[in-house]
Amino acid sequence: MERKRGRPRNTEAKNAILKASYDLLLEMGFAAVTVEKIAEQAQVSKATIYKWWPNKAAVVMDGYLYAANARLPVPDTGSAKEDILIHAGTLAQFLSSREGKVITELIGEGQSDAGLAEAYRSRYFGPRRQEAWKLFEQGIDKGELKQELDIGSCIDLVYGPIFYRLLLTGGELGEESVRALVLLAFEGIEA
């Protein structure tokens, strides 16, 4: 098998940029991170960053996801209910961590930065929502959930309270409280 030629430096540079943007985000917060600081820490030029990302928000979100995705695996227990319980619980646990609290900062900053809001919606929440969508579809296909479910509304029903507590009330996000919220939602959607 012939090995493809390419520039391995591109991968190394991208990884350095992603790591630098994540490290700076945790250290300084989104508002203080600049493309200049990312470039300096990653030891690349600003032009290199702009070659792959349209703006600071996009590179910071990708850096965040680069580091955070491994902490949010999609379960596959064979039961949609168990998978959604685990998925929601893992998300709540992550959002309660230092790394997860960054998302609340990004949501706050996104209220006055349309580019950041678009970046976290498309790069973070969109993929998480798609993961949940697949779990609900599997539950419908297996006959565990009602056939006529509006999956988008079900996702809002299950995951919305987590973000409500995280962003507004500061309410409990422990394993038992999240489990109780999800089980309450399941009372209306189980077959």
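**Helix packing and selected residues in an all-helical predicted model**

The buried residues of H5 are covered by elements that include helix H4 (56-68), H6, H7, H8 and H9. These buried residues of H5 are Ala-80, Asp-83, Ile-84, Leu-85, His-87, Ala-88, Thr-90, Leu-91, Ala-92, Phe-94 and Leu-95. The structure is a predicted model. Helix H5 has 16 residues, for which a rise of 1.5 Å a residue gives an expected span of 22 Å; the C-alpha atoms at its ends are 22 Å apart, so the two values agree.

The chain as a whole contains 9 helices and 0 strands. Read from the N terminus, the order of elements is α-α-α-α-α-α-α-α-α. The C-alpha trace extends over about 55 × 50 × 25 Å along its principal axes. The chain has 191 residues, of which 42% count as buried. Among contacts in the chain with a separation of 6 or more, 65% are made by residues 24 or more positions apart. The exposed area of the chain is about 10,500 Å², and 50% of this area comes from carbon and sulfur atoms. There are 24 positive and 27 negative charges in the chain, and the mean positions of these two sets are 9 Å apart.

Two buried residues of H5 were examined individually. His-87 lies in helix H5. The relative accessible area of His-87 is 6%, and this residue is therefore classed as buried, the cut-off being under 20%. The side chain of His-87 makes a polar contact of 3.1 Å with the side chain of Glu-131. When neighbours within four places in sequence are left aside, the contacts of His-87 are Pro-73, Val-74, Pro-75, Arg-128, Glu-131, Ala-132, Leu-135 and Tyr-159. Glu-131 thus appears in the contact list of His-87 and also as its polar partner.

Leu-95 is likewise part of helix H5. With a relative accessible area of 0%, Leu-95 is buried. Outside its neighbours within four places in sequence, Leu-95 is in contact with Gly-100, Lys-101, Ile-103, Tyr-124, Ile-162, Phe-163 and Leu-166. One of these partners, Phe-163, is 68 residues away from Leu-95 along the chain, and the C-alpha atoms of the two residues are separated by 9.0 Å.

Helix H9 (residues 175-189) was treated in the same way as H5. For its 15 residues, a rise of 1.5 Å a residue predicts a span of 21 Å; the end C-alpha atoms of H9 are 21 Å apart, so expectation and model agree. Ser-177, Val-178, Leu-181, Val-182, Ala-185, Phe-186 and Ile-189 are the buried residues of H9. The cover over these residues includes H5, helix H7 (114-141) and helix H8 (151-169). H9 is in turn among the elements that cover the buried residues of H5.

Three loop residues were also considered. Ser-97 is located in the loop that links helix H5 (80-95) to helix H6 (98-110). Its relative accessibility is 14%, so Ser-97 counts as buried. The side chain of Ser-97 has polar partners in the backbone. The backbone oxygen of Phe-94 is reached by this side chain at 2.6 Å, and a polar atom of the side chain lies 3.1 Å from the backbone nitrogen of Gly-100. Phe-94 is itself one of the buried residues of H5, and Gly-100 is among the contacts of Leu-95.

Gln-147 occupies the loop between H7 and H8. At a relative accessibility of 57%, Gln-147 counts as exposed, the cut-off being over 50%. A polar atom of the Gln-147 side chain lies 2.9 Å from the backbone oxygen of Ile-140. Gln-147 and Tyr-164 are 17 residues apart in sequence, and their C-alpha atoms are 28 Å apart in space.

Gln-43 is found in the loop between helix H2 (35-42) and helix H3 (46-52). This residue is exposed, its relative accessible area being 72%. Gln-43 is not a glycine, yet its phi is positive, at about 60°. Most residues other than glycine have a negative phi.

Notes:
Residues are numbered from 1 along each chain as its sequence is written. This is a predicted model: local features need pLDDT of at least 70, side-chain atom pairs count only at pLDDT 80 or more; totals for chains, interfaces and linings use all residues. Side-chain values use heavy atoms; hydrogens and water are left out. Helices (H or I, at least four residues) and strands (E, at least two) are DSSP runs, numbered from the N terminus. Buried means under 20% relative accessible area, exposed over 50%, partly exposed in between (1.4 Å probe, protein chains only). A polar contact is a pair of N or O atoms within 3.5 Å; within protein, one must be able to donate a hydrogen and the other to accept it, and residues adjacent in sequence count only if both atoms are side-chain atoms. Contact means heavy atoms within 4.5 Å. Accessible areas come from the Shrake-Rupley method with a 1.4 Å probe; for residues, only the protein chains shown count as cover. Lys and Arg count as positive and Asp and Glu as negative; His and the chain ends are not counted. The place of a charge is taken as NZ of Lys, CZ of Arg, CG of Asp or CD of Glu. The expected span of a helix is 1.5 Å times one less than its number of residues.
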